Amino acid sequence: MNTEQAARRDPRWDLFFAPGMLVAALLLALIEAAKSPEPQMQIQAWTFLLAGIGVLVWTVRRYARGIPADDQSPYANDIVKAGVIASMFWGLAGMAVGLIIALQLAFPNLFYFPDLPFTNFGRIRPLHTSAVIFAFGGNVLIATSFYVVQRTCKARLAGGFWPWFVFWGYQMFILVAGTGYLIGVTEGREYAEPEWYADIWLTLVWVVYLLVFLGTIWKRKEPHIYVANWFYLAFIVTIAMLHIVNNLSMPVDLLSTKSYSAFAGVQDALTQWWYGHNAVGFFLTAGFLAIMYYFVPKRAERPIYSYRLSIVHFWTLIFIYIWAGPHHLHYTALPVWAQTLGMTFSIMLWMPSWGGMINGLMTLSGAWDKLRTDPVLRMLVVSVAFYGMSTFEGPVMSIKAVNSLSHYTDWTIGHVHSGALGWVGFVSFGALYCLVPWLWKRQRLYSNSLVEWHFWISTIGIVFYITSMWVSGIMQGLMWRAYNEFGFLEYSFVETVAAMHPYYMIRAFGGLLYLSGTVIMAYNLWRTARGDIRAAEPLALKPQLATA
């Protein structure tokens with residue numbers, strides 16, 4: 001009996017239960033849309049309902065003529081392709097919104113529209129952060145984790161249709177959360193703004209994601225579990241724990257968008273920044289370190305410099321990072337011992353972080369010459385360098401004496417974006433540049449010259465962005481703490497805002513450059529997927545698709 005005959009004979013329970021769970025969620029959304037007295041809840045419910053119907057239509061069209069060929073292949077590639085496309089779409093959208101809010105801060109008289117409340121900074125700022133972190137970054141992590149776990153385990157993704165449920169369920173969460181911000185629906189918690197109903201849906205999707213990933217590891221044909229999978233697993237498990245605890249809340253009414261946190265006062269603040277900092281630690285660090293540990297060696301065609309160091313890196317990072325959150329609450333009502341604990345563990349993070357950076361950079365031993373000819377590898381390596389820089393600056397800023405100057409200033413914004421643009425952005429771009437030729441079976445990228453342009457334009461944009469914020473932030477802190485001979489503040493708040501104006505213009509220009517590089521990348525990947533080769537560039541001597 002061949003594979004196709006077996007697929008026809010065996011019942012596909014996944015094709016019943018996964019869409020069935022979605023239909024049940026859509027029925028609840030329909031009840032919310034019909035019964036809720038709140039216009040915001042009605043909009044949220046209809047958004048979820050229409051998106052879910054679209055997913056069901058896609059499912060029927062995909063399976064109407066039988067089991068697709070990709071479902072019977074050794075590896076599930078179609079879902080990774082979908083993740084690449086979603087990553088680029090949300091990346092462009094999130095970065096464009098980031099440029100808009102940067103322009104609003106630089107030119108508030110030109111980019112403020114009082115008659116259009118959904119364009120206000122207070123609404124689109126969380127839209128930007130969620131879009132670039134969870135929409136772009138989350139899709140990159142889901143796509144690369146599905147690709148890497150299959151190759152390193154030599155096994156197809158577990159669950160049949162369930163991985164598609166994870167993908168589409170996650171897109172529906174992003175859509176509901178983003179539209180909610182625009183109409184004023186938010187919990188007001190940094191990196192955790194979606195309200196209770198969106199949180200419940202994401203929990204269901206994330207549990208399925210964990211089960212799919214664990215199931216693939218369980219049925220692996222390779223006895224060893226590669227280190228990238230350990231980092232992906234830590235990211236998935238810890239984010240689930242953080243999400244559930246931080247979002248424990250009680251809705252005012254099941255037909256209302258509003259809810260109240262289970263925590264209050266200083267306990268609520270501590271829970272929020274236990275979540276907030278570890279979202280950075282496990283979503284934006286551990287998950288993307290998994291990308292580094294797979295794609296840097298793969299692209300460089302060298303083994304990891306030290307596998308033993310990678311294991312030390314993993315265990316020390318996940319133990320230390322979880323305790324560092326209180327450094328966000330220096331000089332607050334949080335007990336001093338808790339503040340000191342967060343500062344101490346933040347400083348300790350230097351060791352595992354720089355161990356991982358050294359491991360990534362030293363993987364190029366014997367292959368440094370590739371940096372001259374391979375701009376994708378150069379982007380991956382520069383991302384590791386930014387990881388090292390950010391994980392040096394972060395512990396320094398957690399020291400109380402430094403934090404008294406840096407906190408609440410643009411220095412923090414510069415720090416966050418050096419990690420986000422340089423580390424997360426570049427390692428994601430490098431992975432996507434690798435994946436598209438591999439998945440679409442192309443000999444090479446459409447244009448390596450365009451990758452060069454992307455690299456340099458975006459790198460210059462990062463430099464403009466973070467240096468302007470460093471200068472602006474330190475200037476802010478010094479002006480806020482300046483006193484005159486009478487003991488009064490020397491500068492009013494308005495004077496500090498006026499002094500920051502040129503740096504805000506530089507920041508917006510840097511963001512424009514970074515977005516321009518991403519647009520170039522999207523065009524390059526689109527032409528690559530089509531199978532085009534830029535006429536002025538010769539073919540590579542060794543086809544890149546061989547690594548797939």
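Start by selecting α11 and whatever sits around it: the cover over its buried residues includes α10 (307-321), α12 (350-362), α14 (375-398) and α15 (400-406). Keep in mind as you click around that this is a predicted model.

Now show α11 alone, residues 336-348. You're looking at 13 residues that reach 18 Å from the first C-alpha to the last, close to the 18 Å expected at 1.5 Å a residue. Which residues of α11 are buried? Colour Ala-338, Gln-339, Gly-342, Met-343, Phe-345 and Ser-346 to see them.

Next, go back to α10 and bring up α8, residues 227-246. The two helices pack with their axes 10 Å apart, at an angle of about 10 degrees. Angles under 35 degrees count as roughly parallel, so that is what α8 is to α10. To see where they meet, show side chains: α8 brings Val-227, Trp-230, Phe-231 and Ala-234, while α10 offers Tyr-307, Ser-310, Ile-311, His-313, Phe-314, Leu-317 and Ile-318. Try colouring this contact by class, and you'll get nine nonpolar residues, two polar ones and no charged ones.

For the last stop, hop from Phe-345 to Met-469. The pair is 124 residues apart in sequence, and 26 Å separates them in space, C-alpha to C-alpha. Met-469 lies in helix α17, residues 448-480. Is Met-469 buried or exposed? Its relative accessible area is 0%, so Met-469 is buried. Leaving aside residues up to four places away in sequence, select what Met-469 touches: Asp-410, Trp-411, Ile-413, Gly-414, Tyr-503, Tyr-504 and Arg-507.

Key:
Residues numbered from 1 in each chain as written. Predicted model: local features only at pLDDT ≥ 70, side-chain atom pairs only at ≥ 80, totals over all residues. Heavy atoms only, no water. Helix = DSSP H or I, 4+ residues; strand = E, 2+ residues; numbered from the N terminus. Expected span 1.5 Å × (residues − 1). Buried < 20%, exposed > 50% of the residue type's maximum accessible area, 1.4 Å probe, protein only. Contact = heavy atoms within 4.5 Å. Axes fitted to C-alpha atoms, helices over the stretch in contact; angles between N-to-C directions. Parallel < 35°, antiparallel > 145°, perpendicular 65-115°, else oblique. Nonpolar A, V, L, I, M, F, W, Y, C, P; charged D, E, K, R; others polar.
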